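User: Hi! I'm new to reading protein models, and I would like a close look at a single part of this one. Could you walk me through the largest pocket and what surrounds it?

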Amino acid sequence: MISHRAFFATAEHDFTLTDDMITELERLTETGIGAFYQRAVSMLFKSDELAHVIRL
């Protein structure tokens with residue numbers, strides 16, 4: 001499980017990807033979570049990949 005707490009809108013919230021969500025993200029993006037993370041922080045992600053993260 002990956003979790004991050006941050007201020008959003010009017011309060012702090014936990015943003016969490018469970019193990020099942022990570023597995024689904026890997027399936028949808030056809031890449032492992034580590035490689036996906038590296039692409040994301042390097043701003044090399046595709047818009048549909050970002051949409052999957054937001055949906056999950």
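Analyst: Here is a walk through the largest pocket, with the rest of the chain as its setting.

Keep in mind from the start that this is a predicted model. To find your way around, begin with the layout. The protein chain holds 3 helices and 2 strands, and if you read along the sequence you meet them in the pattern β-β-α-α-α. The C-alpha trace spans about 35 × 25 × 15 Å along its principal axes.

Now to the pocket itself. The largest pocket encloses about 550 Å³ of space. The elements that each give two or more residues to its lining are β1 (2–8), β2 (11–17), α2 (33–41) and α3 (47–55). In total, 17 residues line the pocket. If you want to look at its centre, pick out Ile-2, Leu-17, Leu-25, Phe-36 and Val-53, the lining residues that lie nearest to that point. Which element gives the largest share of the lining? That is α2, with 5 residues.

Next, follow the connections between the elements. Between β1 and β2 runs a loop that contains Ala-9. The phi angle of Ala-9 is near 65°, which is a positive value in a residue other than glycine. Is Ala-9 buried or exposed? Its relative accessible area is 60%, and exposed means over 50%, so Ala-9 counts as exposed.

A second loop, between α1 (19–29) and α2, is the place of Glu-30. Here too phi is positive in a residue other than glycine, with a value near 55° for Glu-30. Glu-30 has a relative accessibility of 75%, and because that is over 50%, Glu-30 is exposed.

Finally, step back to the whole chain. Of the 56 residues in the protein chain, 16% are buried. The chain exposes about 4,400 Å², and carbon and sulfur atoms supply 59% of that area. Contacts tell you how parts of the sequence meet: among those with a separation of 6 or more, 22% are accounted for by residues 24 or more positions apart. As for charge, the chain has 5 positive and 9 negative charges, and the mean positions of the two groups are 4 Å apart.

To retrace the path on your screen, start at Phe-36, one of the residues nearest the centre of the pocket, then visit Ala-9 in the loop between β1 and β2, and end at Glu-30 in the loop between α1 and α2.

Terms used
Residues are numbered from 1 along each chain as its sequence is written. This is a predicted model: local features need pLDDT of at least 70, side-chain atom pairs count only at pLDDT 80 or more; totals for chains, interfaces and linings use all residues. Side-chain values use heavy atoms; hydrogens and water are left out. Helices (H or I, at least four residues) and strands (E, at least two) are DSSP runs, numbered from the N terminus. Buried means under 20% relative accessible area, exposed over 50%, partly exposed in between (1.4 Å probe, protein chains only). Contact means heavy atoms within 4.5 Å. Accessible areas come from the Shrake-Rupley method with a 1.4 Å probe; for residues, only the protein chains shown count as cover. Lys and Arg count as positive and Asp and Glu as negative; His and the chain ends are not counted. The place of a charge is taken as NZ of Lys, CZ of Arg, CG of Asp or CD of Glu. On a 1 Å grid over the protein atoms alone, a cavity is a set of points where a 1.4 Å probe fits but cannot get out, and a pocket is an open set with protein on both sides within 12 Å along at least five of seven lines; lining residues have an atom within 4 Å of a point. Grid points are joined across faces, edges and corners, and a volume is the space filled by probe spheres set on the points.
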